[in-house]
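Subject: Structure handover

Hello,

The structure we discussed is below, for your files. My notes on domains and salt bridges follow it.

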Amino acid sequence: METVFHETTAEPRVAAVPLAHVSLELGHLYMDDFAAGPERLRAHFGRVRPWADAVTAMTAAQLPRGRPRISTCFLVDDYFTRYSSPAELVPMVLAEAEAAGLRIDYLARESGCARADGVELAASVLARLVEAPPPGSNGSRPPVREVGWMCNGERTPAVDALEAMSGVPAWSPPSEVGARRHSVFTDVELWDDRGQRRTWSCAFLAAVWQLARLGLLRHRGDPVMSPVRWAGGFPGDWDALPAVVQLREEAAPFAAYQTCSVLPNRFLDVEHAVRIVLGRVQVEPRALEQVSERAAQEGFPLPAEVADRAAYVLYSGS
Amino acid sequence: MDATGDGVRVLSCGEVRTCLLQTSASLPAASAAQLLQLRPDSGVSLSARPNLHVVSPELLTGVDCLFPAKSGAKVRGVGTVRARAVLTEGRVLQATACFRAPARGPEHRQPWGHYLVRPGIVEPAGRLEEGDAAAGFLDGRAGGVQTLDPGAVAERLIGDLHAHALLDRRAPFKSRRTRLRWSALRGDPGAAPVIERFTLADDGLRTVLLRVPDPDDEGVLGLCEDLALHDWLLTTLVHMVERSRLGSVPGPEAVAALRPAVDHLLHLWMPMVRVAAPLVPLWEVLERTPGFSAQWRILVQRIRDQLALQAIPLLRDDLTRH
């Protein structure tokens with residue numbers, strides 16, 4: 001039976017985003033890297049280049065037909081410290097990448113992961129975190145939360161709680177949920193508040209960054225952090241630049257089925273934290289379905305779990 | 001078949017808690033939408049025809065515990081319970097928490113991300129006897145074992161919503177909260193959906209056993225919310241008429257006691273309008289026995305008759321005074 005009457009406010013829709021096969025991150029740039037001069041960037045891109053070629057070859061091998069669509073991106077920190085300006089920095093980054101034989105399709109600002117297009121993105125993702133339940137959780141008690149933190153297991157009971165209960169052993173170790181015999185327990189700080197200002201942690205913003213690259217972020221059904229085509233000169237102020245800038249007209253889509261980030265191994269801790277967060281985000285189910293359906297149509301292998309869609313190459317050195 | 005490629009779900013269970021929104025005036029559409037905006041990035045679903053019906057985004061709660069079982073069988077389940085809130089005409093608040101289960105799941109607990117891409121599904125460790133679990137769920141907790149408790153999730157959601165700054169926590173009249181618990185099992189292929197049992201217990205608990213072509217059907221949720229809403233309306237009106245001591249106290253007193261019904265409840269009766277077409281016949285069964293709408297109509301008629309009767313002497317007094 002056909003329904004004649006419709007109300008658009010009663011039938012929420014979720015828009016789809018264009019998708020590449022892989023979103024390849026060619027680097028993260030922080031204040032220290034910038035201060036170390038163009039040589040640091042040149043060395044970095046030199047290390048990245050062979051891995052970029054490997055990702056292209058590997059993706060091509062995974063495809064049943066056609067050419068791989070790989071988009072590259074580069075993230076600049078303008079959130080924790082403000083340094084330089086787009087006018088000064090972007091041409092330098094692009095030149096060093098080109099010298100190493102790499103092309104950067106998209107440039108993103110880290111503060112765009114906190115807030116983009118007028119949307120408090122990090123706060124939205126925070127509201128989508130679902131704690132992994134310890135055994136025995138039947139829904140009758142609210143999940144244990146340490147405000148501003150997210151861990152991968154059960155914490156050691158608080159000291160004051162122990163003192164309040166006499167006869168309780170002094171200490172019990174924290175444990176990782178789903179550990180294979182021995183735990184690797186990690187507690188991730190998601191944000192802190194100083195005065196009126198909330199500062200999101202680098203790890204949490206990096207998780208938002210992964211979700212954006214995986215095409216899984218929506219606000220009221222619309223895509224957010226969508227790339228904006230940019231041609232011509234770069235402004236003198238970071239705020240004048242959109243969250244994600246598309247630098248090349250012919251670039252493959254920004255979002256992709258999978259991500260790969262090539263980073264120096266000092267990022268290991270942060271990316272481990274990202275993986276913990278990604279494993280606890282309930283993404284918009286319709287967005288998840290859209291990505292799965294499209295991957296299936298193309299015959300591209302897509303891990304079911306969101307955290308498994310993010311791959312890394314961590315090279316030695318700084 | 002869903003995108004994650006799992007086996008079919010054979011069971012859906014849930015609980016709807018229904019209560020009067022604890023605030024003096026009914027919420028208009030914009031405030032209702034604001035109240036149910038449980039997450040900043042997902043909009044509420046708002047429908048204005050034929051009545052104001054606002055549905056919140058869904059929240060997930062992780063669980064890892066035993067499935068309910070009439071036989072006492074111990075089957076561990078891991079996954080998420082999903083919960084949503086519904087506000088009808090800015091006046092009646094419902095919180096629904098539910099889960100669905102496949103007949104078979106992985107023997108060991110998987111990484112948590114596995115469950116988050118299957119929202120609202122609780123997977124058994126091994127094989128689940130769905131009939132046993134359905135009956136156990138409707139029976140309530142057995143033997144003090146902590147089994148899956150969606151009702152607690154729904155209750156917490158109601159509690160959280162009632163703490164919202166939009167509400168003044170001054171209800172226009174006293175009413176009781178009701179609970180409706182349902183289990184829906186997969187029926188034989190090609191068979192029409194049936195309601196096998198609807199039980200009213202005196203502690204405000206109603207239980208419903210359904211057999212449907214597909215327990216994944218979102219319509220089951222809508223049907224149970226609609227049944228719970230109308231059962232609450234009827235229960236509340238019956239209590240109000242009882243409390244008014246209609247027929248044994250002077251008319252004006254009874255009328256004063258019944259006035260909230262006229263102000264807040266009588267326009268809310270609209271069974272089946274939001275129930276998916278294939279499930280409407282299930283409601284119609286209940287309309288025959290016990291006849292929800294028939295009882296409602298009689299109560300409403302009694303209230304209107306009283307109001308009419310009281311209006312006559314008032315009119316006469318008015319006339320003689322001038």
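**Notes on the model**

In chain A, the side chains of Arg286(A) and Glu293(A) form a salt bridge, with an N to O distance of 3.9 Å. Please keep in mind that this is a predicted model. Both ends of that bridge are open to some extent: Arg286(A) is partly exposed at a relative accessible area of 33%, and Glu293(A) is also partly exposed, at 37%.

A second pair in chain A joins Arg82(A) to Asp78(A), at 3.6 Å from N to O. Here the two ends fall into separate classes. Arg82(A) has 44% relative accessibility and counts as partly exposed. Asp78(A) has a relative accessible area of 2%, which is under the 20% limit, so the residue is classed as buried.

**Chain B**

The side chains of Asp64(B) and Arg109(B) meet in a salt bridge at 2.8 Å, N to O. Asp64(B) sits in strand S4 (residues 59-66) of chain B, while Arg109(B) belongs to the loop between strand S7 (104-105) and helix H2 (112-116), so the bridge ties together parts 45 residues apart in sequence. Asp64(B) and Arg109(B) are both buried. There is also a network in this chain: Glu15(B), Arg17(B), Glu155(B), Arg177(B) and Arg181(B) are joined by salt bridges that share partners. Over all chains, the search of the whole structure gives 44 salt bridges.

**Domains of chain A**

The domain assignment splits chain A into domain 1 (13-128 + 191-315) and domain 2 (149-189). Their contact involves eight residues from domain 1 and six residues from domain 2. Taken over C-alpha atoms, the centres of the two domains are 34 Å apart.

What do the two domains of chain A bury between them? The figure is about 640 Å², with 66% of it on carbon and sulfur atoms. The count of salt bridges between domain 1 and domain 2 of chain A is zero, whereas three residue pairs are in polar contact, both residues at pLDDT 80 or more.

On the domain 1 side of this contact, strand S8 (191-194) and helix H8 (268-278) of chain A each supply at least two residues. Helix H8 of chain A gives the most to that side, with three residues. By type, the residues on the domain 1 side divide into four nonpolar, two polar and two charged.

Regards

Key
Residues numbered from 1 in each chain as written. Chains lettered and ligands numbered in written order. Predicted model: local features only at pLDDT ≥ 70, side-chain atom pairs only at ≥ 80, totals over all residues. Heavy atoms only, no water. Domains from an automatic or database assignment. Contact = heavy atoms within 4.5 Å. Buried area = accessible area lost by both parts, 1.4 Å probe. Salt bridge = Lys/Arg side-chain N within 4 Å of Asp/Glu carboxyl O. Polar contact = N/O pair within 3.5 Å; in protein donor to acceptor, adjacent residues only side chain to side chain. Helix = DSSP H or I, 4+ residues; strand = E, 2+ residues; numbered from the N terminus. Nonpolar A, V, L, I, M, F, W, Y, C, P; charged D, E, K, R; others polar. Buried < 20%, exposed > 50% of the residue type's maximum accessible area, 1.4 Å probe, protein only.
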